[in-house]
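Okay, I've got one structure to walk through today. Have it open while I talk, and stop me if you get lost.

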Amino acid sequence: MTTYIFVLLFIIIVLLVAILLRKPTVDISALREDNARLRERLAERLGMLTQNAIELKNISGDIANFKNILMGNKQARGTFGERQLEDIVADIMPPESYAFQSVLETGVRPDCIIRLPYPPGDMIIDSKFPLESYNRLSENKDDGMAKKQFELDVRKHIDAIAEKYIIPGRTADSAMMFIASESIFESLHRQFPGAIEYAARRKVFIVSPSTLWATLNTIRAVLSDIKIKRVANKIKKELDLLLTDLSRLSERAGKVQQHFSQAASDIEMLQTSVNKVTPRAEKLRDMDFGED
């Protein structure tokens, strides 16, 4: 029994040694394929990262350019505001209902004129804004003098718009001041309600891109309604003229009918006379006048 156990243990030990000494078989070709696919994925990911880095750099450049526009010279900011205003107006309004940089009779050149029938008359949109004061206020939010100066500049600009672009008898009795930045528009309403009330008293409506979009859509709907009413009035006028012509035609047709009836009566009477004359003529023809 003991011998049998030793033999069994020896066999197990030999098998374990054989297993441990056996070299693992490795598929070299499969490893090469996996390595190649891995390199391809890495190259693809690196390409994507490079593209993202380029796009991020471009975005950073655009942001820097945008900041330069807002913080740079006044002319560049004015061009930016005018361009944004033109894009919004052109996207919403019919081409015949607006004009850019058109000179008024007073010699001033507003950024945009919305053509409206009088009343109310043409409405002017100004795209300028005292951004220098706002930038100084942003840098010194707790500066009371900066706040006062900013509100004073806003009120001065409101006065300028009201004086130049609200012309009694020629334009609408109100105008619009376009602010190209929603954040500035929100800050103005939140921090300077006095300036907003002052603009309302001067009949200068302060609008942002979103509020201008809503306002212009309302104006376009009103213009469409006016156009429909004008067309309806023209149709009614033409219909009235048509009915008048039909009445006149009916009257003239009645007269022609009377003429035809009279002519028919005259022809009948003429035929009666012919019928009377013919037998008499025949009698005269048949009479014997004693001629050889």
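So, strands β3 and β4: they run parallel and share 2 bridges. β3 covers residues 123-126, and β4 covers residues 175-178. One thing to keep in mind is that this is a predicted model.

If you want a single pair to click on there, take Asp126, which sits opposite Met177 of β4. Now stay on Met177 and look across to strand β5, residues 204-207. Which residue of β5 is the bridge partner of methionine 177? That's isoleucine 206. The β4 and β5 pairing is parallel too, and it has 4 bridges.

What about the side chains here? As a reminder, side chains in a regular strand alternate between the two sheet faces. On β4, Ala175 and Met177 go one way, while Met176 and Phe178 go the other. Are those four buried or exposed? All of them are buried. β3 reads in a similar manner: Met123 and Ile125 point to one side and Ile124 and Asp126 to the other, again all buried. Yes, that does include the aspartate, Asp126.

Let's go the other way now, from β3 to β2, which is residues 112-114. β2 and β3 are antiparallel, with 3 bridges, and Ile114 stands opposite Met123 of β3. That isoleucine turns up again on the other side: Ile114 in β2 is the bridge partner of Tyr98. The β1 and β2 pairing is antiparallel as well, over 3 bridges.

Put that together and you get an open sheet of 5 strands, in the order β1-β2-β3-β4-β5, with mixed pairing. The edges are β1, residues 98-100, and β5, each of them pairing on one side only. On average, neighbouring strands are turned by 20° against each other, ignoring direction.

Next, what packs on the sheet? Helix α5, residues 144-165, does, and it touches β3, β4 and β5. The direction of α5 makes about 140° with that of β4.

α5 has a helix partner as well. For two packed helices, the description is the angle between the axes plus the distance between them. For α5 and α7, the latter being residues 193-201, that's an angle of about 10° and axes 10 Å apart. So α5 counts as roughly parallel to α7, since the cut-off for that label is under 35 degrees. On the α5 side, the contact uses Glu151, Val154, Arg155, Ile158 and Asp159. From α7 you have Gly194, Ala195, Tyr198, Ala199 and Arg201. How does that contact split by class? There are 5 nonpolar, 1 polar and 4 charged residues.

Last bit, zooming out to the whole chain. There are 8 helices and 5 strands, and along the sequence they go α-α-α-β-β-β-α-α-β-α-α-β-α. Of the 292 residues, 24% are buried. The exposed area is about 21,500 Å², with carbon and sulfur atoms supplying 60% of it. And if you take the contacts with a separation of 6 or more, 63% of them join residues 24 or more positions apart.

That's my tour, over to you.

Note on methods:
Residues are numbered from 1 along each chain as its sequence is written. This is a predicted model: local features need pLDDT of at least 70, side-chain atom pairs count only at pLDDT 80 or more; totals for chains, interfaces and linings use all residues. Side-chain values use heavy atoms; hydrogens and water are left out. Buried means under 20% relative accessible area, exposed over 50%, partly exposed in between (1.4 Å probe, protein chains only). Contact means heavy atoms within 4.5 Å. Accessible areas come from the Shrake-Rupley method with a 1.4 Å probe; for residues, only the protein chains shown count as cover. Two strands pair if DSSP finds at least two bridges between them. Axes are lines fitted to C-alpha atoms, for helices over the stretch in contact, and angles run from 0 to 180 degrees between N-to-C directions. Angles under 35 degrees count as roughly parallel, over 145 as roughly antiparallel, 65 to 115 as roughly perpendicular and the rest as oblique. Ala, Val, Leu, Ile, Met, Phe, Trp, Tyr, Cys and Pro count as nonpolar, Asp, Glu, Lys and Arg as charged, and the others, Gly among them, as polar.
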